[in-house]
Amino acid sequence: MKRTTSPTLALLTLAIVGSSCALAQDDPKATEQWEPVPKVVTPGNPGSAPPSDAVVLFNGRDISQWEASKDHSAAHWKVHDGVLTVDKTSGNIQTKQKFKSYQLHLEWQVPKDITGEGQGRGNSGVFLASTGPGDEGYEVQIMDSFKNPTYVNGQAGSVYKQAAPLVNAMRPPGEWQTYDIIWTAPTFAADGSVKSAAYVTLFHNGVLVQNHTELAGETFYIGKPKYNAYTEAPIKLQAHGDHSQPISFRNIWVRPLD
């Protein structure tokens with residue numbers, strides 16, 4: 001006997017499916033990846049001085065190259081003992097200068113006595129192109145991933161919520177970490193459509209963790225990535241709102257490649 005579906009039941013089914021899709025779009029867990037977990041490797045010794053053609057963004061003495069992302073006022077992160085420590089109360093900071101494609105070097109340190117777990121442990125980030133006053137842009141994750149499980153496309157060395165690192169090259173808290181990044185900026189047509197995608201290559205403590213990774217767009221905490229047209233943009237450092245102790249930076253320089 002041929003069975004038919006009543007219009008009422010069909011509409012109810014569509015409503016349930018639509019509601020489930022809407023809930024998934026509003027759930028940050030919908031874009032978390034937990035497996036496969038990158039294997040742990042031991043990095044080599046640190047040490048890198050700026051090349052002669054580099055633009056030095058932080059020299060251990062002042063943050064005159066930086067401004068507050070939210071309103072372009074003076075940056076108020078703490079400079080002490082040759083390092084720059086995040087001030088979570090004052091928000092993200094970004095470079096006054098804007099860039100397209102470049103080579104970036106920065107060193108960062110998670111406090112030895114760090115507390116918390118998962119994403120609430122030493123969290124920060126470097127936005128390779130800042131496209132707004134908050135967390136808009138293209139983020140490479142910074143956080144304590146030394147024996148601290150979390151979703152793998154959100155651990156240190158990941159393109160946040162897009163690409164897990166090839167390996168976990170973290171040193172223990174208290175030791176300095178290095179990022180060496182090659183950023184290939186996206187390009188856009190006059191109508192705002194994408195002419196060429198963004199790419200990132202990342203060495204974490206001298207270990208390749210992103211190999212010319214193509215980005216699907218800007219990185220978002222909730223939702224899928226997408227591109228928004230821009231020409232050039234600042235580099236941004238994140239003052240993440242987790243409750244763990246703030247991390248520090250030193251020896252930040254960039255070499256424009258355009």
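Me: Why is the meeting of K88 and D242 called a salt bridge?

Reply: The term applies to a side-chain nitrogen of Lys or Arg within 4 Å of a carboxyl oxygen of Asp or Glu. In this predicted model, the side chains of K88 and D242 meet at 3.4 Å, N to O. That distance is within 4 Å, so the pair qualifies. The structure holds 4 salt bridges.

Me: How do you know that K88 and D242 link distant parts of the chain?

Reply: K88 is in the loop between β4 (83–85) and β5 (93–95), and D242 is in the loop between β14 and β15; the two are 154 residues apart. Helices (H or I, at least four residues) and strands (E, at least two) are DSSP runs numbered from the N terminus.

Me: Why is D242 called buried and K88 partly exposed?

Reply: Buried means under 20% relative accessible area, exposed means over 50%, and partly exposed is in between (1.4 Å probe, protein chains only). D242 has 9% and is therefore buried. K88 has 26%, so K88 is partly exposed.

Me: What makes E107 and R250 a salt bridge?

Reply: Their side chains meet at 2.6 Å, N to O, which satisfies the rule of within 4 Å. E107 belongs to strand β6 (residues 102–109) and R250 to strand β15, 143 residues apart. E107 is buried because its relative accessible area is 5%; R250, at 28%, is partly exposed.

Me: What salt bridge does R121 form, and where do its partners lie?

Reply: R121 meets D144 in a salt bridge of 2.5 Å, N to O. R121 is in the loop between β6 and β7 (124–130), D144 is in the loop between β8 and β9, and 23 residues separate them. Both R121 and D144 are buried.

Me: Why is the aromatic pair of W77 and F249 called stacked?

Reply: Rings of Phe, Tyr and Trp (its six-membered ring) pair if their centres lie within 6.5 Å; planes under 30 degrees apart count as stacked, over 60 as edge-to-face and the rest as tilted. By this rule there are 10 aromatic pairs. For W77 and F249, the centres are 6.3 Å apart and the planes differ by 20°, so the pair meets the distance limit and counts as stacked. W77 lies in the loop between β2 (66–68) and β3 (78–80) and F249 in strand β15 (residues 248–256), so the pair ties together parts 172 residues apart in sequence. W77 counts as buried because its relative accessibility is 4%, and F249 because its value is 0%.

Me: Why is the pair of Y138 and Y230 called tilted?

Reply: The centres of Y138 and Y230 are 6.1 Å apart, with 45° between the planes. That angle is neither under 30 nor over 60 degrees, so the pair is tilted. Y138 is in strand β8 and Y230 in the loop between β13 (207–214) and β14 (236–237), 92 residues apart. At 1%, Y138 is buried; at 14%, Y230 is buried too. Both belong to one aromatic cluster with W183, F188 and Y227.

Me: How do you know that K236 lies over the face of F127?

Reply: A charge sits over a ring if NZ of Lys or CZ of Arg is within 6 Å of the ring centre and within 35 degrees of the ring normal. K236 is at 4.7 Å from the ring centre of F127, so the distance condition holds, and K236 is listed as lying over the face.

Me: What makes β2 and β8 edge strands?

Reply: Each of them pairs on one side only. They belong to an open sheet of 5 strands in the order β2-β5-β14-β7-β8, with antiparallel pairing. Two strands pair if DSSP finds at least two bridges between them; β5 and β14 have 2 bridges, so they satisfy this rule. In β14, L237 is the bridge partner of I93.

Me: Why does L166 count as exposed?

Reply: L166 has 52% relative accessibility, so L166 counts as exposed, the limit being over 50%. L166 is in the loop between β8 (137–142) and β9 (176–184). Leaving aside residues up to four places away in sequence, L166 touches P38, L208, V209, Q210 and N211, where contact means heavy atoms within 4.5 Å.

Me: On what basis are the residues numbered and the values counted?

Reply: Residues are numbered from 1 along each chain as its sequence is written, and side-chain values use heavy atoms, with hydrogens and water left out. As the model is predicted, local features need pLDDT of at least 70 and side-chain atom pairs count only at pLDDT 80 or more, while totals for chains, interfaces and linings use all residues.
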